[in-house]
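Subject: Model for your files

Hello,

Here is the model we talked about. Please keep it with the notes below.

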Number of protein chains: 2
Amino acid sequence: MATIKDIAQLAGVSLATVSRVINQTGNVSPALREQVLAAVEALNYQPNAPARSLRRRETRLIGVLIPQLNHPFFGTLAYSIERFLFEKGFRIMVCSAEEDADRESEYAQVLVRQRVDGAIVAPTGLDLAWAEHFAHARIPIVLIDRDLPGVPANRVMVDNWQGGYQGALHLIALGHRHIGVISASRHSQAMQDRLQGALQALRDHNVVHQVYEPDVETLQQYDLGFHAALHLLKQQPAPSAIFALTDVAAIGAMHAAVREGLSIPDQLSVMGFDGIELGAYLIPALTTVAQPIEQLGNVAAELLLKSISRAQTEYELVVLPTQLTQRASTGAWRGAR
Amino acid sequence: MATIKDIAQLAGVSLATVSRVINQTGNVSPALREQVLAAVEALNYQPNAPARSLRRRETRLIGVLIPQLNHPFFGTLAYSIERFLFEKGFRIMVCSAEEDADRESEYAQVLVRQRVDGAIVAPTGLDLAWAEHFAHARIPIVLIDRDLPGVPANRVMVDNWQGGYQGALHLIALGHRHIGVISASRHSQAMQDRLQGALQALRDHNVVHQVYEPDVETLQQYDLGFHAALHLLKQQPAPSAIFALTDVAAIGAMHAAVREGLSIPDQLSVMGFDGIELGAYLIPALTTVAQPIEQLGNVAAELLLKSISRAQTEYELVVLPTQLTQRASTGAWRGAR
DNA sequence: TACGCTCCTGAAAACGTTTACAGAGCTTGT
DNA sequence: ACAAGCTCTGTAAACGTTTTCAGGAGCGTA
């Protein structure tokens, strides 16, 4: 591969001049500039990013550490971050921890070693090992989606508690008095907040409820929802509505209900949480507590760039509102089956 | 951040010795090794990857360039690649071209500048600009999912033509004589192959058919399927079955059918192509021509590592079989509506 | 002519590693 | 006692950039 030295030789100038032309820094006479550009063209020169990073002490690379890449919510999140940062000249390295704390910590180390300028992290659980790595390296991070008390960083998320409350309230308002709740994870702060919010609403209105929480972390979220729903539907009295704290789990739950011969929403209402695009196209379309996914990503990216440019000591917490998106999968209670 | 120099100073040894300990290369006496490791621990030392890459002339970084990150098929693909390569000590940089040739080419340049050791590319269209960048830099690539004639590279894909034929045949065998086909893109070779395969089957059996092809590339694949189906259902005679060449488009199509008051599969059969996990949880569960997604990713990654280690001049083409996965969204023709 | 500008250019150091090379201290066999 | 061969360690060069510094050329002014 051609180096700056080859360019200099071909153009008959010094290394410094080539560098100045490439980076458009400092003054170079038009004649030399032309020669350099011609040489760059001729040799298909592409600057060596590692060398540049080494010298400049910045990589213009941002780490994005999420629990699961192959998941509509996190996929959309990563996507929106990518789009925002691309415009600003930053590239991202997406790492999927696969809901595993060890892997998460391992990836944090990888990002530190790559000397990313910053990182956006949606933590897998309550384990903070990964955060240590960034802290030691003084790499600024932004926490997204899942709050983590005690981490000195900017945070962007929705009010999960409120969303949980709001979702449960929707079902209660429809007349449901036996409600099943499916949590997607025992160790995620976001899930806990949603669950507590929902439980509060249920208690506030004296609604009979049953909670399903998975024993182990799993990547099979559809399957989780499926089995959780099967379990809940076997309870006595059977719930007339299910609130899954994740859209993906809700989809699994819907499938289970239909498998059991129940029609949605006539015999069972199902609602989710997240607001993934897919929800609108399901049959029936999924009622959900929607997060502003794109906005979460954009705000996080913006905040990160801010803390990269000027080392700030004040950390912001941005809380975005959830929105109840009512569609066809929930309906009024029609009486006992 | 601590450097190797700091470690050397603290441990009272030379840079070379530290390097030898860290990389477990060459012999170092147990005593010194201990001192070095202690210093590494004390200073939270993390090797500087850019510096290392510069010197070693390898990054152990693999570029993954896909048309769309936020898409179940490509998400799963990226995920399986990531998992395979992580084991082997390689990290990936995921880039999403968003079905845009310019952006794709831009990202190829980015990867070249990062000096990735290799790249796995699922091309967006027929534009080969991106391939030039890798070729000039002599960076080995593996083409995945979408074939591209004339690119000197390893290729891993399914037999899309055969899959298209197979899918159409399934509908024909069910007795359908008016079939609509939805293509997801005009410019993707994979889509064209699927389409031609399907058309061949339809012609072979004298089946009336209608094809919908989008005019412009879009990222809204659900929406594409939705509108395509609405369009097809308006035709006279209306199709009794729809074959969407993408699962995501099939989901949109199912939604459109229900919106039009048709029940699936009684009044309209819908089938897709890809075999995304989600398909099994839809209501009704989606019949599809399934690709072995994980396997595609693994084989591609394996092939890439092979061509990185020993510069090969022979390029392989691996064709994996598709599998017709029959579920609930297709059924026998019940007579004219 | 001498001086002080501005504009342009190149030499050289630096970024944090790895590694070729050489030297120092041992052991071993003669 | 000495050569030869180990094992261990350090010095210094190299990887491809960016950037500081100094100096030369040209020009207007005193």
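What follows covers the symmetry, then the interface.

This is a predicted model, in which local features need pLDDT of at least 70 and side-chain atom pairs count only at pLDDT 80 or more, while totals for chains, interfaces and linings use all residues. Residues are numbered from 1 along each chain as its sequence is written, chains are lettered from A and ligands numbered from 1 in the order in which they are written, and side-chain values use heavy atoms, with hydrogens and water left out.

A turn of 180° with a shift of 0.0 Å along the axis lays chain B on chain A with an RMSD of 0.0 Å (least squares on the C-alpha atoms of residues with pLDDT of at least 70 in both). That is the relation of a two-fold axis. In chain B, the C-alpha of B:Pro50 is nearest the axis, 2.2 Å from it.

In contact (heavy atoms within 4.5 Å) are 59 residues of chain B and 59 residues of chain A. The copies meet through the same surface, because 100% of the interface residues of chain B are also interface residues in chain A.

The area buried between the chains (accessible area lost on being put together, 1.4 Å probe, summed over both) is about 5500 Å², with 61% from carbon and sulfur atoms. B:Arg115, B:Tyr281 and B:Ile283 lose the most area in chain B, together 14% of what that side buries.

There are 4 salt bridges between chain B and chain A (a side-chain nitrogen of Lys or Arg within 4 Å of a carboxyl oxygen of Asp or Glu). One of them joins A:Arg91 and B:Glu106, the closest N and O atoms being 3.8 Å apart.

Regards

How values were computed: Buried area is the accessible area (1.4 Å probe) that two parts lose on being put together, summed over both.
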